[in-house]
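Here is a set of short exercises to work through with the model open beside you. Try each task on your own before reading its solution.

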Amino acid sequence: MQQKIPTIIIVGAGLGGLTLYHALIKNKDKKEFNVKIFDRESSPQERWQGYHIGINNYGARSLINCVPSSIALNLPKAIPNSVPNIEYHGFSLSDHMGNLLLRPPTKQAKDVYEVANISVGYSIIVTYRDKLRHVLLENVPVQWGKKCIRYEETDDGVWVLFEDGSKEFCDILVGADGINSPVRKQKLPELQIFDYGITMIVTDVAVPKNLIDRLTKLNGNGTFRGTLGLNGEASATILRFIPIEQKNYEDKSEPYYRTTIFFEYPSKLDDVEHDKIKVDDNDPASVVDHVKYMIRKLRPECEMTDILLELWNLVPKTTSKTYNPVRRRKMQDIDPLSVNAWTSNRITLLGDAVHATSPVLSSGANNAIQDAEVLSNALLNYSPENYISCIKEYENEMKKRSSAEVLKSRHVELKQTSPVGYIGSIFRNNSIRVSNFIMNLFDYNFLARKN
Ligand SMILES: Cc1cc2nc3c(=O)[nH]c(=O)nc-3n(C[C@H](O)[C@H](O)[C@H](O)COP(=O)(O)OP(=O)(O)OC[C@H]3O[C@@H](n4cnc5c(N)ncnc54)[C@H](O)[C@@H]3O)c2cc1C
């Protein structure tokens with residue numbers, strides 16, 4: 001007797017959910033599923049999906065393994081080829097004056113396909129998140145405007161319930177619904193979000209070449225650059241050295257570069273009222289004024305501080321429909337191994353829903369994409385009798401890999417945001433310089449995996 005084709009429902013059409021959809025369809029000849037994917041947004045354009053993210057060699061390999069060749073060929077639209085002799089794809093960290101402290105050896109690759117082939121060491125390439133999502137949406141029949149509110153498990157399947165009153169039945173439910181996942185909250189209520197006590201503000205701006213040149217002169221041509229302060233505050237910029245289309249910029253003869261800018265500081269500093277600026281997170285102008293106030297208050301007068309202030313001056317002052325409107329946000333993560341009780345069943349989780357990660361080491365999307373590969377491979381052995389062992393196989397690998405990365409990011413983030421003062425900064429900066437020397441001497445990058 002022919003067996004019925006099992007149904008898999010993916011809740012969440014973000015980077016993780018979409019990659020899983022493609023992987024399940026790509027494996028159709030080996031194991032066929034009826035795959036349905038839902039997202040709460042009313043359309044793919046409802047929110048701007050921007051900012052830059054890094055795709056590393058682990059994420060790139062999984063991505064290319066999961067997507068069909070038509071999408072793999074389109075990846076350079078979202079992950080443009082490196083600009084030779086101009087860009088250095090990798091992290092660099094400076095002190096508050098912009099003096100370089102750390103630049104771990106990172107393998108340079110000409111394009112995303114070469115990044116994916118790097119199996120020893122570490123490589124990363126800056127990616128436009130919005131364009132990557134757009135590329136991944138090709139041929140995916142996402143059902144938009146379907147906000148999942150909860151599910152009901154029965155003996156032979158799962159009902160997924162939506163806010164609009166509709167419901168859908170499936171054999172396996174995958175919650176790929178981001179950090180506030182209702183699927184996680186129901187399946188694992190004890191798996192709590194960890195709050196760092198750090199406030200972060202992030203946005204994208206168009207930066208004129210003369211400002212990028214000043215930044216590059218200070219601390220090199222890294223595509224991910226950070227600066228560490230004395231009071232627990234830190235800044236970052238992520239960019240490609242690829243000019244963007246000129247639109248309304250004042251000087252049309254000068255190239256502009258889309259740049260993600262980021263500023264963070266201990267949240268307790270928000271409790272100290274400053275009389276000049278009242279911050280309203282729904283008013284971008286007040287948030288930008290607040291960031292500039294913090295920079296002036298926490299940083300000494302120097303070229304690096306001037307550059308940071310000029311970058312924040314470029315932020316549009318009016319509210320626009322952005323994925324991350326300029327507002328203060330809490331730095332948070334989820335460690336999937338922080339709870340013992342974890343019963344594998346028909347409901348599983350993927351990506352930020354189960355292991356949201358602080359952005360400092362750029363691993364969140366990479367892990368969501370790797371989850372998709374591991375889960376789709378595990379499901380090749382699916383049968384009505386052994387589906388639990390498939391889910392268990394996936395969850396065991398996912399928990400171990402992603403927990404290690406969540407905790408590594410947490411460790412680095414908490415270290416770089418602990419206030420050290422002037423004397424403490426001398427010790428901290430020298431110890432980073434020593435680590436940098438050793439890493440470069442032995443061609444070792446702490447982000448590379450052992451296997
Ligand atoms: C500033 C910043 C920089 C970052 N930089 C990097 C980086 O360099 N490298 C990196 O790897 N990662 C980075 N990340 C993290 C990365 O963006 C996320 O880890 C990644 O997008 C997670 O993918 P996901 O599919 O799990 O979740 P998401 O991309 O959040 O997608 C979740 C989807 O679920 C939908 N959804 C939510 N709730 C519901 C519901 N109830 N019903 C239906 N649908 C729902 C949402 O609309 C969304 O489409 C960064 C994050 C930030 C904030």
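**Exercise 1. The chain as a whole**

Task: Work out how many helices and strands the protein chain has, and how its radius of gyration compares with the globule rule.

Solution: Start with the secondary structure of this predicted model. The protein chain holds 14 helices and 16 strands. Next, take the radius of gyration, which is 22 Å. The globule rule gives 22 Å for 451 residues, so the chain is as compact as a globular protein of that length. For the outer dimensions, the C-alpha atoms fill a box of roughly 75 × 50 × 45 Å along the principal axes. Then look inside: buried residues make up 41% of the 451 residues. Finally, turn to the contacts with a separation of 6 or more, of which 77% join residues 24 or more positions apart.

**Exercise 2. Two domains and their contact**

Task: Find which segments make up each domain, and describe the side of domain 1 that touches domain 2.

Solution: Begin with the domain assignment. Domain 1 is built from 1-44 + 139-193 + 335-410, and domain 2 from 49-136 + 195-333 + 420-451. Their centres, taken over C-alpha atoms, are separated by 29 Å. The contact takes 24 residues from domain 1 and 24 residues from domain 2. On the domain 1 side, α1, α12 and α13 (387-416) each supply at least two residues. The largest share there comes from α12, with 7 residues. Sorted by class, the residues of this side of domain 1 are 11 nonpolar, 9 polar and 4 charged.

**Exercise 3. The shell around the ligand**

Task: Identify which residues come nearest to the ligand, and explain where the ligand lies relative to the two domains.

Solution: First the residues. There are 31 residues around the ligand, and G12, G14, G351, S362 and G364 come nearest. Now the elements: α1 (15-26), β3 (52-56), α11 (352-355) and α12 (364-378) are those that give two or more residues to the shell. Helix α12 gives the most, with 4 residues. By class, the shell has 14 nonpolar, 11 polar and 6 charged residues. The last step is the location. Domain 1 and domain 2 both give residues to the shell, so the ligand lies between them.

**Exercise 4. Two residues with positive phi**

Task: Compare N139 and S362: what is phi at each, and is each residue buried or exposed?

Solution: Take the backbone angles first. Phi of N139 is near 65 degrees, a positive value in a residue other than glycine. Phi of S362 is near 55 degrees, also positive in a residue other than glycine. Then place them on the chain. N139 sits in the loop between α5 (129-136) and β7 (148-154), while S362 sits in the loop between α11 and α12. Now count neighbours. N139 has 11 other C-beta atoms within 10 Å and is exposed, because a residue with 12 or fewer falls in that class. S362 has 22 C-beta neighbours inside 10 Å and counts as buried, because the threshold for that class is 20 or more.

**Exercise 5. D335 and S70**

Task: Place D335 and S70 in the fold, and decide whether each is buried or exposed.

Solution: D335 lies in the loop between β15 (329-333) and β16 (347-349). With 22 C-beta neighbours inside 10 Å, D335 counts as buried. Beyond its neighbours within four places in sequence, D335 is in contact with F194, S403, V406 and L407. S70, in turn, belongs to helix α3 (residues 69-78). S70 has 9 other C-beta atoms within 10 Å and is exposed. To add a distance for S70, go to P243: the two are 173 residues apart in sequence, and their C-alpha atoms are 26 Å apart.

**Exercise 6. Checking the record against the model**

Task: Find which spans UniProt gives for "transmembrane region" and "domain: FAD-binding", and describe each in the model.

Solution: The unreviewed UniProt entry places the feature "transmembrane region" at residues 6-24. Over residues 6-24 the model is 53% helix and 26% strand, with the end C-alpha atoms 12 Å apart. For "domain: FAD-binding", the unreviewed UniProt entry lists residues 333-402. That span is 50% helix and 6% strand, and its end C-alpha atoms lie 11 Å apart.

Note on methods
Residues are numbered from 1 along each chain as its sequence is written. This is a predicted model: local features need pLDDT of at least 70, side-chain atom pairs count only at pLDDT 80 or more; totals for chains, interfaces and linings use all residues. A residue is near a molecule or strand if its C-beta atom, placed from the backbone, lies within 6 Å of it. Ala, Val, Leu, Ile, Met, Phe, Trp, Tyr, Cys and Pro count as nonpolar, Asp, Glu, Lys and Arg as charged, and the others, Gly among them, as polar. Domain bounds come from an automatic or database domain assignment. UniProt positions are given in the numbering used here, feature names are shortened, and annotations may be inferred rather than shown by experiment. The radius of gyration is taken over C-alpha atoms; the globule rule is 2.2 Å times the number of residues to the power 0.38. Two residues are in contact if their C-beta atoms, placed from the backbone, lie within 7 Å.
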